[in-house]
Amino acid sequence: MQSRTPSSSAGRLGRPRSAAADEAILEATRAALVDLGWSKLTLGDVATRAGVAKTTLYRRWAGKNELVVDAVAVLFDELELPDKGSLAADIEGVVLQFAAILDRPETKTALMAVVAESTRDAPLRERIRTSIVDRQKRLVLEGRARAERRGELPTSPDPAAAAATADLIFDVAAGAVVHRTLVSAERVDAEWVRRFTALLLGGLAAASG
C-alpha cells in the first residue's frame with residue numbers, strides 16, 4: 001500500500017506529522033461527506049469529528065477540495081494486484097477489489113462529489129489525476145510485467161508504446177467499472193468480471209500484436 005501522507009504537505013517545515021491524526025482526519029472527511037454531502041461539508045466539521053484543532057487541518061490542506069481528494073485517494077491505495085497464476089485471474093481479482101471499494105458509501109459520495117466539482121476547477125482535476133489516477137496505473141504496469149515474465153504477453157520493445165497501451169488499459173478498465181457501479185448502478189459480480197476480462201484480454205492481445 002502506498003503512503004497515506006497527503007501530498008499537499010510535501011516540503012513543509014514544522015512539527016513532525018502525526019500519521020494517526022492524518023488517518024483520523026481523512027476518515028472523518030469521508031464520514032462527513034456521507035452525512036452532510038459536499039455543499040455542507042466544512043473543515044470545521046471535519047476537525048470536530050476527528051478530534052483535532054481546525055488549525056491542524058489548515059496546516060495540512062489548503063482547502064476542502066484537496067482534503068476530499070486525499071480522503072478518496074487512500075481508499076484506492078488499498079488496491080493490490082493479486083498473484084493468482086494467470087493474467088486473467090489477476091485482472092478478475094483486482095477488478096472485484098475495485099468494485100468493492102466503489103460500492104462503499106463513503107467512496108461513492110466522495111468520488112462523485114470531487115469529479116462533479118472538478119468540471120469547473122482545473123487544479124482539482126489535476127490533483128485527482130496525480131493523486132488517484134496516476135498512482136493506480138501501477139496496477140496495470142505490475143500486471144503487464146508479471147504477464148511478460150510468465151510468457152503470457154510479449155515484451156514490448158518500445159517503452160513509449162508500452163506506456164501508451166498501459167494508459168489505454170487503465171482508462172478502459174477503470175472507466176467500465178466506475179460507469180457500471182456509479183452511473184448505471186449495476187452489480188459487478190463474478191460473471192460480469194469474467195466476461196469483461198475476456199473482452200479486455202482480447203483487446204490487449206490485438207494491441208500487443
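In the predicted model, 44% of the 209 residues of the protein chain count as buried. The chain holds 10 helices and zero strands, so that its order along the sequence, by the DSSP assignment, reads α-α-α-α-α-α-α-α-α-α. Among contacts between residues at least 6 apart in sequence, 68% join residues at least 24 apart.

Helix α2, which spans residues 43-50, offers an example of how buried positions are arranged around a helix axis. Leu43, Val46, Ala47 and Ala50 are the residues concerned, and each of these four is buried. Because the four cover an arc of only 100° around the axis, they lie on the same side of α2. The partners against which the buried residues of α2 pack are α1 (19-36), α3 (54-60) and α4 (64-76). Just after α2, the backbone of Gly51 adopts a positive phi of about 75°.

A further positive phi is found at Ala185, where the angle is near 55° in a residue other than glycine. Most residues other than glycine have a negative phi. Ala185 is placed in the loop between α9 and α10, and its relative accessibility of 63% is the reason why Ala185 counts as exposed. Contact with this loop residue is made by His179, which touches both Ser184 and Ala185 when residues up to four places away in sequence are not counted. His179 itself belongs to helix α9, and, because its relative accessibility is 42%, His179 counts as partly exposed.

Helix α10, which comprises residues 190-208, contains both Trp192 and Phe196, and these two residues are four residues apart, about one turn of the helix. The count of aromatic pairs in the model comes to two. In one of them, Trp192 and Phe196 are stacked, with a distance of 5.2 Å centre to centre and an angle of 5° between the planes. Trp192 and Phe196 are both buried.

Around helices α6 and α7, two residues were examined for their contacts and their exposure. Asp121 occupies the loop between α6 (105-118) and α7 (122-136); the threshold for burial being 20% relative accessible area, its value of 19% explains why Asp121 counts as buried, although by a narrow numerical margin. The side chain of Asp121 is joined to that of Asn65 by a polar contact of 2.8 Å. These two residues are 56 residues apart in sequence, whereas their C-alpha atoms are 9.5 Å apart in space.

Arg125, by contrast, is located within helix α7 and has a relative accessible area of 41%, which is why Arg125 is classed as partly exposed. With neighbours within four places in sequence left aside, Arg125 is in contact with Ser118, Thr119 and Arg120. The contact with Ser118 includes an approach of the Arg125 side chain to the backbone oxygen of Ser118, at 2.7 Å. Arg125 and Val114, which are 11 residues apart in sequence, have a C-alpha to C-alpha separation of 8.5 Å.

In helix α8, attention falls on Glu142. Because Glu142 has a relative accessibility of 35%, it counts as partly exposed. The C-alpha atoms of Glu142 and Leu81 are separated by 7.5 Å, although the two residues are 61 residues apart along the chain.

The largest pocket of the model encloses about 740 Å³ of space. This pocket is lined by 35 residues, of which Phe98, Phe170, Ala173, Ala174 and Gly175 are the closest to its centre. Several helices take part in the lining, since at least two residues are supplied by each of α5 (87-102), α6, α7, α8 (138-150), α9 (159-183) and α10. Helix α9 provides the largest share of the lining, with 10 residues.

Key: Residues numbered from 1 in each chain as written. Predicted model: local features only at pLDDT ≥ 70, side-chain atom pairs only at ≥ 80, totals over all residues. Heavy atoms only, no water. Buried < 20%, exposed > 50% of the residue type's maximum accessible area, 1.4 Å probe, protein only. Polar contact = N/O pair within 3.5 Å; in protein donor to acceptor, adjacent residues only side chain to side chain. Phe/Tyr/Trp six-rings, centres within 6.5 Å; stacked < 30°, edge-to-face > 60°. Arc of directions from axis to C-beta. Contact = heavy atoms within 4.5 Å. 1 Å grid on protein atoms, 1.4 Å probe; cavity = no way out; pocket = protein on both sides within 12 Å on 5 of 7 lines; lining within 4 Å. Points joined across faces, edges and corners; volume = space filled by probe spheres on them.
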